[in-house]
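Open the model in your viewer and follow the stops below. Select each item as you reach it.

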Amino acid sequence: MQISLNWLKELIDFDLDVETLTHKLTMIGLECEATPLIGSLEKIVVCKVIASETHPNAANLKVCQVDCGGEEAVTIVCGAPNVRKGMKAPLALPGAVLGGEYKIKSIDKYGVTSDGMLCSEAELGLSDDQTGIMRLERSLKIGAPIAEALKLDDYIIHFDLTPNRPDCLSAIGIARDIGAMTGSRLKRPSVKIREFETPAADAVRVDIEDDDACPRYAARVIRNVAVGPSPWWIKQRLLASGIRSINNVVDITNYVMLEYGQPLHAFDYDNFRQPQVLVRRARIGEKFTTLDGVERELNKDVLLITDGDRPVAIGGIMGGEYSEVTEKTTTVLLESAHFDSRVIRRGRKHLDITSESQDRFERGADPNIVLTALDRAASLIDKYAQGEILAGTVDCYPNKIEPLQLELRPPRVNQILATDLSTPEMIDILDSLEFGVTPGKNLQVIVPTFRPDVTQEIDLVEEVARIHGYEKIPCHTETGGGLVTSRVESEEFHTHLRRVLTAQGYYEVVTNTIVNPKEVLLLDEGVEYIKIRNPISEDLQWLRRELFSSLLNVVRHNLNHQVEKVKVFEIGNTFIPIGEKLPSEEWRLCLALAGGDTGENWTFHPGAFTLYDLKGALECIAILVDREVSLSLAESKVFDPGCSFEVMLGGVGIGTCGSVSRVILESFGIKSEVFLGELRIKSLINTRRGPAEYQPLPRFPSAERDLAIVVGEKVIIADLVATITAAADQTLRETVLFDLYRGKQVGQGRKSVAFRLVFRDESKTLTDEHIDNLCNRIVDKLRVEHDAQLRA
């Protein structure tokens with residue numbers, strides 16, 4: 001949405017420069033910025049062609065004498081086909097710069113010196129029309145600077161509106177908010193209708209088959225219309241709003257749409273087969289050619305405007321080719337209607353069409369501004385196209401949409417906003433926004449139908465807050481009071497997880513819960529997923545039941561952008577189907593490692609990530625629940641067979657981890673090794689021990705023994721640790737792996753493993769005899785269970 005600053009100044013009185021205005025509008029929720037309407041137009045003036053003759057040496061050129069307000073006429077050589085004696089046009093004198101680059105100077109053209117250039121709209125930067133010289137209105141003063149004559153000293157304000165503010169897709173809507181923050185009253189345009197005696201109801205009948213899709217349709221009939229160019233002031237307004245001028249009738253409908261926010265459409269009524277407007281749903285397979293010349297196949301989601309026999313427009317989206325207004329049009333049917341936003345959205349998605357009308361209807365237009373906008377357009381057509389307006393309107397409005405009434409509690413407003421506003425101040429704010437307010441202990445507020453976003457009391461509180469000024473609401477560094485609730489346990493645990501992982505150098509990512517079926521089926525074909533009925537694309541059709549595919553996409557994206565070190569995690573929802581019931585939503589944590597740690601100083605030795613880097617992060621997580629983590633071999637299609645594990649905490653399985661299989665990596669287009677781990681957060685929380693208890697420092701010394709054994713290559717270290725722990729008693733405090741060796745000294749298919757065993761008794765000093773007995777018992781059990789031999 002973009003609008004002219006000068007247009008806003010006509011609708012509301014304010015004394016703000018453009019920078020202050022855009023800042024204040026942004027602060028009340030209408031984010032915007034301003035740019036000049038046009039670049040420099042110095043040395044470009046209004047001139048009159050007083051003579052025009054064919055060039056003596058070039059038949060396709062004309063030699064013109066123009067009056068630009070000086071003592072003598074200026075000679076201009078021009079090739080435009082529409083240059084005529086008596087016309088007024090913009091003249092660029094020597095020294096003028098067009099388009100920021102092209103400098104005008106006197107030049108010789110086939111023996112005749114041209115002292116300037118007559119300009120088209122495109123050369124002035126006003127539009128893309130370069131078919132001929134721009135024809136100026138006869139009333140403009142000769143010699144006047146073109147920027148002054150055409151009122152081009154203006155700014156365009158570009159708005160980035162949120163979807164909930166359809167009322168601000170209009171000059172009046174924006175002016176209303178300016179008035180609310182400046183205290184000025186909106187000046188609406190006056191509308192005077194000059195009607196002829198013939199009733200419009202005798203010329204057309206309006207019928208609506210689906211009044212849910214089209215709650216209201218109104219029409220006027222205008223005869224003996226003279227279709228031609230629009231006056232400059234209308235063209236200028238459309239130019240500032242980024243809309244191309246077509247002809248006076250079409251331009252007026254676009255102008256009123258920009259003014260009121262109500263889309264209109266003008267039909268060539270002579271092309272209707274019968275005097276009727278029938279609004280109905282399209283039939284499956286029905287075809288229709290729109291204004292852009294494209295034949296489109298329709299379905300029942302598309303709403304059609306028909307003449308009772310054949311379609312003439314797609315309701316609320318685009319008109320039809322054969323009923324458009326042209327220079328031959330003499331009778332116009334002027335439409336002003338209200339369409340349901342959901343219907344327009346479905347039709348737009350099916351047809352893949354966007355338009356100014358569709359945008360306004362899809363966001364939510366005002367059903368009760370229909371006649372006002374219709375009369376405004378009819379009065380302008382009467383004035384600028386000399387039309388004869390038939391008496392009355394044909395307005396089909398079977399179920400009137402009434403304004404919503406809400407109750408606003410002033411104390412509640414101040415409680416929420418931490419302000420001390422008086423009730424009269426709140427009433428003034430709502431009144432300035434054209435809400436109806438009935439005073440009392442609690443305010444009874446009538447919400448105008450141009451504000452479909454205001455549906456409950458808190459929305460009224462927001463209106464008070466933004467006009468009062470968000471910057472005036474005091475800031476508090478602490479929360480408290482009746483509005484503050486304690487965080488649930490799971491949220492607190494998520495926060496702890498984030499702190500632990502970010503401290504380990506991981507970056508949190510947030511991905512879409514809707515996934516690509518082709519990708520997730522690579523991970524596991526034998527499971528059921530929840531399918532979305534109306535997916536936004538073929539690649540996003542299913543709700544995820546794991547986070548692996550999401551993080552593999554993140555890894556691929558980063559590696560493709562030359563990120564050498566990928567350490568990411570996500571805490572996200574997964575969805576498990578349960579028959580006909582609602583799915584089970586389960587929070588999971590997924591970690592991904594790829595590439596290597598490059599280090600940031602000369603003391604660091606870079607290296608590729610391994611499973612142990614992932615296990616280190618899992619061990620940090622285990623500290624949160626006061627448990628020890630262990631990995632147990634487990635089969636998974638996601639991971640390589642030799643590096644696929646179940647993650648165990650306190651003997652309970654809470655997830656899986658490992659090195660992603662080469663087949664899956666190739667399917668995702670990843671060349672680097674990737675390590676993934678996924679934990680079920682609920683299971684993780686359930687393994688947590690009770691509150692931590694204070695443990696005094698040991699009173700008695702520890703004793704250490706190193707144990708080196710030779711075992712088979714396939715023996716898992718975690719199984720060895722479990723055997724050692726089971727063979728010892730409670731005095732074994734710690735088992736640490738400190739060496740792993742493979743070589744010919746231990747034989748092929750064997751490996752040497754060395755542990756440091758730490759013993760300590762809390763009640764006495766351990767004797768060597770007791771420790772030696774424990775070590776002998778441990779060795780015996782390792783020999784029996786794992787065929788272990790002491791290394792000499």
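Two strands count as paired if DSSP finds at least two bridges between them. Keep that in mind at the first stop. Note too that this is a predicted model.

**Stop one: a strand with two partners.** Select strand 39, residues 674–680. Of its 7 residues, 6 are buried. Now add strand 34, residues 581–597. Strand 34 pairs with strand 39 in the antiparallel sense, over 7 bridges. Pick out Ala594: its bridge partner in strand 39 is Val674. Next, add strand 38, residues 652–660. Strand 38 also runs antiparallel to strand 39, joined by 5 bridges. Here Cys657 stands opposite Gly677 of strand 39.

**Stop two: a helix crossing.** Select helix 14 (residues 489–503) and helix 17 (residues 611–624). Their axes come within 10 Å and cross at roughly 140°. The crossing is right-handed. Show side chains. From helix 14 come Phe493, His496, Leu497, Val500 and Leu501. They meet Ala617, Cys620, Ile621 and Leu624 of helix 17. This contact holds 8 nonpolar residues, 1 polar and no charged.

**Stop three: aromatic rings.** The model has 8 aromatic pairs. Select Trp233 and Tyr255, an edge-to-face pair with centres 5.1 Å apart and planes at 85°. Trp233 sits in helix 6 and Tyr255 in helix 7, 22 residues apart. Which of the two is buried? Tyr255 is, at 2% relative accessible area, whereas Trp233 is partly exposed at 27%. Add Trp7 and Tyr384 to see one aromatic cluster with Trp233 and Tyr255.

Terms used
Residues numbered from 1 in each chain as written. Predicted model: local features only at pLDDT ≥ 70, side-chain atom pairs only at ≥ 80, totals over all residues. Heavy atoms only, no water. Axes fitted to C-alpha atoms, helices over the stretch in contact; angles between N-to-C directions. Helix = DSSP H or I, 4+ residues; strand = E, 2+ residues; numbered from the N terminus. Left-handed = near helix turned anticlockwise from the far one by under 90°. Contact = heavy atoms within 4.5 Å. Nonpolar A, V, L, I, M, F, W, Y, C, P; charged D, E, K, R; others polar. Buried < 20%, exposed > 50% of the residue type's maximum accessible area, 1.4 Å probe, protein only. Phe/Tyr/Trp six-rings, centres within 6.5 Å; stacked < 30°, edge-to-face > 60°.
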